[in-house]
Every structure is written in C-alpha cells, then in structure tokens.
Amino acid sequence: MGHCARLAQILFTFATHKPVATALICDDMKKNDELKVYCKNTREYISIEGGETLDDLFDTIKGRLNLTGDAMCVLVNNKVEDLRYPVYAPKHVEYLDITSNTGYRVYTRSLCMVLYKALYDLYPGKRLCIQHSISNGHYCQIKHEEEFATPEVVARLKERMAQIIEEDYPIRRRERLTTDVIEMFRKQGLNDKVRLLETVNQLYTVYYRMDDIVDSFYGPLVPRTGMLKVFDLVPYEKGMLLLGPDRNDRTQVAKCEMQPKLFQAFTDYIAFNDIIRVGDVGAVNRAINGGYAPLLINVVEALHNKYFAKIAEEITRRYQEGGARVVLIAGPSSSGKTTSSKRLAIQLITNYIVPKVVELDNYFVNRDRTPRDENGDYDYESLYALDLEQFNKDVTDLLAGKEVAMPTYNFKTGQREYLGNTMHLDEGDILLMEGIHGLNPELTRNIPEHQKFRLFVSALTTINIDDHNWVSTYDNRLLRRIIRDHKYRNCSALETIQRWPSVRRGEDKWIMPFHENADAMFNSSLLFELSVIKPYALPILQQVPNNAPEYSVASRLMKLLSYFETIDEKDIPSTSLLREFLGGSSFHY
C-alpha cells in the first residue's frame, strides 16, 4: 500500500470512530459533573441536584442508615452541622443519632431553647440561666428570682414545653450581620448575648428562630421540636433540673441523682462570680479589654488560696481530735490533683502538720497480675491493678507507729521492687496520697473511717458563654490535657482526643460514682483560664487534619476558644494550678 493510500485509511478510521470517542468522553464528563455526597453510614455515593438540605437527603435514605431513631445532626467533612445544612458541592457526611455524644449534645441544646420559649411565653421578661450539668441533667435558675421557681411554676413550664414539642415548631437556622443580631437580642432582653457579641468582633452571627423568639447556641439544634419528646423538668434546690433521655435507654428520661456536695461546690463559685460581676464570657472579655486582667487573676488566685487554707484547717481540726491521719486526694484527668496536693501540703505545714507522701502507683501489682480491659490491654486504671492487701497492711503499720519498707514500682520491668526506702510517722506527721481511687472505700477498707479525710478535686467550670450556653467541665479538662500532653509527653492533639473517650470511661467507672464520699471538694477551675489557654491550645488544635474523625472535637474546641479574649500568661503566679499545664511552676512534678 502506498503512502497516500495508507494515510487515507488512517484518516478514514479516525474519522469514522471520532463520534464514538467524543460521545464516550462527553458521557464520562457528564457522569463526573453529577453532584454526589458520600454517606459514611451507608458507604455509598448519593447523587443530588444541589441545594437540598441534609434533612431532605435523610428522608430518602433513613431506612438504610441503621440509626437509633432520628438523626440529630450531621458531620459534614468531619465538622458538626445541623440537618438544615444545604449541599451545593461534594461532601463527606455522617448522620449522628442520640446515642453519640455529639447527637446527645444537640438534643440537650434544643431542649434548652424549648425551655426558654416556654418561659418567654408564660413569664415574659424573666431571665433564664442554664448554669451547669449535674445529677444527669442541667441546673437552671430564673435569675435573681430565687423564690420564683416554685414547684407550681416548674410544673407550668414543663406543661408548656410539652405543648411546644407536640406542636412540632420548626427551629430555623439563620445568619445575619452581627450588628443586626445584637439589636434582635437587645429587644428580647438577652443582654448577656449582647455583651458577648460586642466583644467577639465577628462580622456575621448564626442564630436560631422558633416562632416569635430568637436565640443563639454553641452548636447546632434539631430542625423540629417534635423530635424532643423524651424530657423532664423537675424542681431542684432553688431552681430546676432539665433532664433529657437516659444514656443507656433513650426511650426513658434520665434519672435524677441528688449530688449535694458537688452542687454546693458549684454554688460557692457561682456566688463568687456574681459578687465580682464576672459570670459569663462577655463580662470576662470586657474586664480584659478594660485592663483589669491582672486584678482578675489576683482575685481568683486568692480564692484558691482561701479554699486550700480552709481545707487545711478542717484537716488540722480533725487531726487534733484524733482523726484525719490519712488524706486521700482524688479527681479526674487534668483536674489539677498534683498541684492541689502540693499547695494543700504547704498549708498543712503552716499548721504544724507535716504530710508524708505515699505514691499509690508504687503499689501496682506485678504485670502478670494486672487486669486487662475490654480490648485486652493492661488496665492500670482498675482498682485491682493495685495490691490492696499490701497497701492496707503498710498504711495500718504506719498508723501504728511502725517503720515500713516502701515499695517502688518499676514500669520497665513491670515488677514491684524494694530498694531500701522506708517510712515512719513521727508526731505531727500525716499521710498524703493522690490517686484516682482515693474516694473508693475499697481502697482503704482496713483503715478506720475516722482516720481518713477525702478530698475531691475537679475543674467545675462555672463561667458561661451566655445565659443559655455553659462551658463543659469536660471540654475545660480536655483543653488542659491537650496542652500538657503536647508540652510534656510529645503527644499531638489528635492523639489526646483519640484517647479521651477511654479516659472518660475510666473516670465514669472508677471516680465519678464516689465523689459524694468526699469530706471536701475543691474546684480547680479558674475564671480566666480559657483566656490564658487560648494561644497555647489553638496552634495545637489547628494541626488536627480535617480528614480525621477527631477534627469534629478539635473544631468544637476552637470555636469555644474563639469567644475568649486572650490574656498573657506573664501575670500568672508560679504557684498557680494552671502552671501544672502551661509550665513555669515553682513546684517539682
């Protein structure tokens, strides 16, 4: 075949196949141009037109989602969004129900808006303050009207809440210029929210509308009140307790468990906040902007000193009466137990009492006897990871005046060793022990009750974002731990967040059931601490990649910190409990 003929054949072949190739390319492009959402629940791509809300999508696929009831919210690219989130681009989504911690938070926040709507309808002009979580619910007050929250008033509010839920009001998410939102809140008498928005310097603000009221929340809400059928509102102390579903059976209301000692610890600090007129983030920000941060730090640190001195005085009194020879300090992770024990020891010395420290970790059983958790890993948080028999014998001998050989646990070999260390209690000496099991009666089962003084330490956060949004004690402690782990343990925020659920499970099993056994409670939170923590925590949290599941927690914590003005750490004293996490402490850890 000549060159011309061959060229003609090639051109003919190309010409006859070109429409087919073009059609294939165009068809492939058309497929690629389809808007799709990847749903993690069903592990599939779902085509959408664009502009639909995730609530619309839920209605079409809910039969395949394997959820417990309705979806409460959605993780969109690992960030929590409400169900009315509109989709205009490809997204990775995961629907969350009430069995997830995030979904439960959404349910609780939504109930809070229903309670506010009920109060607005029945008692216009009254101020609702949702203060903190306790007794499996959230403690609420009608602020400055202590006699107003009578059982009759609480019953009327509960009845109105049930009506609002039955009528299935839509809860609509809106976003407008912050100046406009401030005016809406001002007209509704929400001065706490006005104070906050005037200090955060955001151009736009998200708010929610239900019927004739507007409100704002630290996170999304459900789209309809009809999704909130399981709740209760009961009289509690001088206010009321808002209860959501039980964590183990979402069809039943959580059971109210009275916690008078924990409640009093919260109440004491809230009273202090009221006296210095700094109870919410807006007030803290105004104090910082006004140049009062050093004064605020000094006053709050003085309050800590006062409580340490008060606890030391009570221990001294009991000691002089023949008791309190063993002081046990317990608390959850990042509560500040270590600094608390050191500051308490100083106060005791000023009362002519010398504390001698017993390290509970040295009483771990040998590794081959260590219990294992549900994953088969060594469970060092279990009470039975300790040699209870040997511990009780040694403490009993010390209290009897004997000299005792003290063990040292070798974490490398997993063996308890005796290296020649001994201990003896002289007149005026007491034993001081810090550990998560200090409030558990089983730990000191052979030691007479009158010889023991138990102290519970936790960061019982009492500052609110505003009247309807509280700062979670758990988030406060998690931020402390993220900073400490990064600074001292070379752990990323992602790693700390990954471990946090396991830490919380251990606390719920081994610490929280026993806190009402305490003889005293110390609230280690500091009004100013999130303002100091902010510049430390943000760079660490920003390192969590948004393709990691832990990003949802990191983004929530970053949003929380965004409300706070920053305080420079230079005015934080070297003895401050906060130095345990930031560094720069005068104590040796």
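**A bent helix, paired strands and unbonded cysteines**

In this predicted model, helix H14 bends by about 45° at proline 535. The helix covers residues 529-541, and its 13 residues reach 17 Å from the first C-alpha to the last, which is close to the 18 Å expected at 1.5 Å a residue. Several residues of H14 are buried, among them Glu529, Leu530 and Ser531 at its beginning, and Ala537, Ile540 and Leu541 further along. The buried residues of H14 pack against five helices, namely H8 (281-289), H12 (473-488), H13 (493-510), H15 (551-562) and H16 (579-582).

Strand E5, which comprises residues 91-96, pairs with strand E1 (residues 35-39) in the parallel sense, over three bridges. In this pairing, tyrosine 38 stands opposite histidine 92 in E5. Strand E3 (residues 73-76) also pairs with E5, but here the sense is antiparallel and the pairing extends over four bridges, with cysteine 73 standing opposite leucine 96 in E5.

A search of the whole structure for disulfides finds zero. For cysteine 140, the closest cysteine sulfur is that of cysteine 112, and because the two sulfur atoms are 6.2 Å apart, they are too far from each other for a bond, the cut-off for a disulfide being 2.5 Å. Cysteine 256 is likewise in no disulfide, since the nearest cysteine sulfur, that of cysteine 140, is 12 Å away. As to their surroundings, cysteine 140 counts as buried, at 0% relative accessibility, whereas cysteine 256 is partly exposed, with a relative accessible area of 28%.

Methods:
Residues numbered from 1 in each chain as written. Predicted model: local features only at pLDDT ≥ 70, side-chain atom pairs only at ≥ 80, totals over all residues. Heavy atoms only, no water. Helix = DSSP H or I, 4+ residues; strand = E, 2+ residues; numbered from the N terminus. Expected span 1.5 Å × (residues − 1). Bend = angle between axes of the 7 residues up to and from the residue. Buried < 20%, exposed > 50% of the residue type's maximum accessible area, 1.4 Å probe, protein only. Contact = heavy atoms within 4.5 Å. Pairing = 2+ DSSP bridges.
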